Amino acid sequence: MQYAGVLIILLVGAVVYVVYRNRMSQEQSHAPEPGKASNVISMEGHRRAKQNAADQLCSSCKKKNGKLIFYAQDDGSVVGLCKDCKAKAKKRDMLPL
């Protein structure tokens, strides 16, 4: 009976050790490289998502357009306008972002 208890304790210890080692290796793989600031974000995911993105809708005319210009409204909200609606933005004195 004592052998079974010792064996169970050793197995539990081995499992804890393996889990600890896996977590430590994952943290090291996600750690920033030396020389890089920790608040730098990689833009690779953003570039891939941007390439796969469908045409966006203009906030004013609701037409699909591949290229929108974003403006800040007076209330602080952001709108994306196509080139056709650019005159509306200038008329309302919206600030381009």
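**View 1. Surface and fold of the whole chain.** The chain exposes about 8900 Å² in this predicted model. Carbon and sulfur atoms supply 58% of that area. Of the 97 residues, 11% count as buried. The chain holds three helices and five strands. Read from the N terminus, the elements run α-α-β-β-β-β-α-β. Take the contacts between residues at least 6 apart in sequence: 20% of these join residues at least 24 apart.

**View 2. A nonpolar patch with Val-12.** Ile-8, Val-12 and Val-16 make a nonpolar patch on the surface. The patch covers about 280 Å². Val-12 belongs to helix H1, which spans residues 2-30. Is Val-12 buried, partly exposed or exposed? Val-12 counts as partly exposed, because its relative accessibility is 48%.

**View 3. The largest nonpolar core.** Nine residues form the largest nonpolar core. Three of its members are cysteines: Cys-58, Cys-82 and Cys-85. Leu-68, Tyr-71, Val-79 and Leu-81 also belong to this core. Ala-89 and Met-94 complete the set. Cys-85 counts as buried because its relative accessibility is 4%.

**View 4. Cysteines without disulfides.** How many disulfides does a search of the whole structure find? The search finds zero. Cys-61 is in no disulfide, and its nearest cysteine sulfur, that of Cys-58, is 3.6 Å away. A disulfide here requires two cysteine sulfur atoms within 2.5 Å. Cys-61 is partly exposed, with a relative accessible area of 28%. Why is the sulfur of Cys-85 not bonded to that of Cys-82? The two sulfurs are 3.7 Å apart, which is too far for a bond, although Cys-82 holds the closest cysteine sulfur to that of Cys-85.

**View 5. Contacts of Cys-85.** Which residues does Cys-85 touch, leaving out those up to four places away in sequence? Cys-85 touches Cys-58, Ser-60 and Cys-61. Of these partners, Cys-58 is also a member of the largest nonpolar core, as is Cys-85 itself. Cys-61 is partly exposed, whereas Cys-85 is buried.

**View 6. Lys-88 and Ser-60.** Lys-88 sits in helix H3, residues 86-91. Lys-88 and Ser-60 are 28 residues apart along the chain. Their C-alpha atoms are separated by 8.9 Å. Lys-88 counts as partly exposed because its relative accessibility is 46%. Ser-60 is also one of the residues that Cys-85 touches.

**View 7. Positive phi at Lys-62.** Most residues other than glycine have a negative phi. Lys-62 is not a glycine, yet its phi is positive, at about 65°. Where is Lys-62 found? Lys-62 is in the loop between strand S1 (56-57) and strand S2 (64-65). With 54% relative accessibility, Lys-62 counts as exposed.

**View 8. Positive phi at Asp-93.** Asp-93 is a residue other than glycine with a positive phi, near 55°. Asp-93 lies in the loop between H3 and strand S5 (95-96). Is Asp-93 buried or exposed? Asp-93 counts as exposed, because its relative accessibility is 62%.

Terms used:
Residues numbered from 1 in each chain as written. Predicted model: local features only at pLDDT ≥ 70, side-chain atom pairs only at ≥ 80, totals over all residues. Heavy atoms only, no water. Patch = residues over 30% accessible without salt bridge, like charges linked within 9 Å, V, L, I, M, F, W, Y side chains within 5 Å. Areas by Shrake-Rupley, 256 points an atom, 1.4 Å probe, with all protein chains shown as cover. Salt bridge = Lys/Arg side-chain N within 4 Å of Asp/Glu carboxyl O. Helix = DSSP H or I, 4+ residues; strand = E, 2+ residues; numbered from the N terminus. Buried < 20%, exposed > 50% of the residue type's maximum accessible area, 1.4 Å probe, protein only. Core = buried A, V, L, I, M, F, W, Y, C linked by side-chain atoms within 4.5 Å. Contact = heavy atoms within 4.5 Å.
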